[in-house]
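Visitor: I would like a close look at one part of this protein, please. Could you pick a single helix residue, walk me around it, and then show me how its surroundings fit into the rest of the chain?

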Amino acid sequence: DNDAPAASQLAEVATQPMPPTALRALVSLLVLLMPATMIYAARLARRGAPRLAAIGGAISFLAWSAGIASIGAVEGLYWYGSRMDDRGTVAAVIDAATGDATYNTLLAIFVLGHLVGMLTLGIGLWRSRAVPAWVGILFAISPILHGVAMNVGTAADTVAYALLGVAMIGCAVCLVRVPDDEWDLPARRRAAAPERERVAA
């Protein structure tokens, strides 16, 4: 319950089993890869939808970076703080951190940014035709489903993240298949552009 007092949340986290260190490190690494994932998705969409790729990619990258710096840091406090004897002091630190303007600004950037950014980037992936249409659609709607699922339950949230995972795997497969000689091709021009150039000449 994210709305509960920090002390109550610490007590709840303390009841959860402690996973192996390797598993915690793996999950942390996967989260840290999210900003890089946004860059590669934007790179994939760049040739067919350069504006949407640039806008969506930049917003998504900043949003996930802000989310790691805010939510990621506080979740670390909850996890390790729940294992300490003096939870009252830990709760006071968490309350101070989550009540700070910097934290809440970063949180707002993440919440709004990854919704708008990934929706824009997903549309860019779809319009660029660099990926199958369903990949772009899943990429675009997954953060929206996540937002809805937060009010529904853990199972629905798991489905939202699973769909995002499928979309990212689809992007990765398409990215790997890009030939080396096509990697740095310029953005595609609209069909009318060559005709206007001939008329101008």
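Guide: Happy to; here is a walk that starts at one histidine and then moves outward. Please keep in mind that this is a predicted model.

Let's begin with histidine 114, which is found in helix α6, residues 101-128. Is the residue buried or exposed? Histidine 114 counts as buried because its relative accessible area is 5%, and the cut-off for buried is under 20%.

What does the side chain of histidine 114 reach? A polar atom of that side chain lies 2.8 Å from the backbone oxygen of phenylalanine 110. The side chain of histidine 114 also reaches the backbone oxygen of valine 111, at 3.3 Å.

Now look at what surrounds the histidine. Setting aside neighbours within four places in sequence, histidine 114 is in contact with Ala63, Trp64, Ile109, Leu119, Pro143 and His146. One of these partners, alanine 63, is 51 residues away from histidine 114 in sequence, yet the two C-alpha atoms are 5.3 Å apart in space.

A second residue worth a stop is serine 60, placed in helix α4, which covers residues 50-81. Serine 60 has a relative accessible area of 0%, so this residue is buried too. The side chain of serine 60 reaches the backbone oxygen of glycine 117 at 3.2 Å. Not counting residues up to four places away in sequence, serine 60 touches Met38, Gly117, Met118 and Leu121.

Next, come out to the surface. Leu119, one of the contacts of histidine 114, is also a member of a nonpolar surface patch, together with Ile123, Trp126, Ile137, Ile141, Ile144, Leu145, Val148 and Val152. Together these residues have about 750 Å² of accessible area. The elements that give two or more residues to the patch are α6 and α7, the latter spanning 133-149. Which of them gives the most? That is α7, with 5 residues. Leucine 145 is a good member to look at: its place is in helix α7, and with 34% relative accessibility it counts as partly exposed.

You may also wonder about cysteines. How many disulfides does the structure hold? The number is 0. Cysteine 171 and cysteine 174 show why: the sulfur of cysteine 171 has its closest cysteine sulfur in cysteine 174, at 6.8 Å, which is too far for a bond. A disulfide would need the two sulfur atoms within 2.5 Å. Cysteine 171 is buried, at 8% relative accessibility, and cysteine 174 is buried as well, with a relative accessible area of 16%.

Finally, step back to the whole chain. The protein has 9 helices and 0 strands, so from the N terminus on, the order of elements reads α-α-α-α-α-α-α-α-α. Of its 201 residues, 32% count as buried, histidine 114 and serine 60 among them. Among contacts between residues at least 6 apart in sequence, 74% join residues at least 24 apart. The accessible surface of the protein comes to about 12,200 Å², and 67% of that belongs to carbon and sulfur atoms.

Note on methods:
Residues are numbered from 1 along each chain as its sequence is written. This is a predicted model: local features need pLDDT of at least 70, side-chain atom pairs count only at pLDDT 80 or more; totals for chains, interfaces and linings use all residues. Side-chain values use heavy atoms; hydrogens and water are left out. Helices (H or I, at least four residues) and strands (E, at least two) are DSSP runs, numbered from the N terminus. Buried means under 20% relative accessible area, exposed over 50%, partly exposed in between (1.4 Å probe, protein chains only). Contact means heavy atoms within 4.5 Å. A polar contact is a pair of N or O atoms within 3.5 Å; within protein, one must be able to donate a hydrogen and the other to accept it, and residues adjacent in sequence count only if both atoms are side-chain atoms. Patches are made of residues with over 30% relative accessible area and no salt bridge: like charges are joined within 9 Å, nonpolar side chains (Val, Leu, Ile, Met, Phe, Trp, Tyr) within 5 Å. Accessible areas come from the Shrake-Rupley method with a 1.4 Å probe; for residues, only the protein chains shown count as cover. A salt bridge is a side-chain nitrogen of Lys or Arg within 4 Å of a carboxyl oxygen of Asp or Glu.
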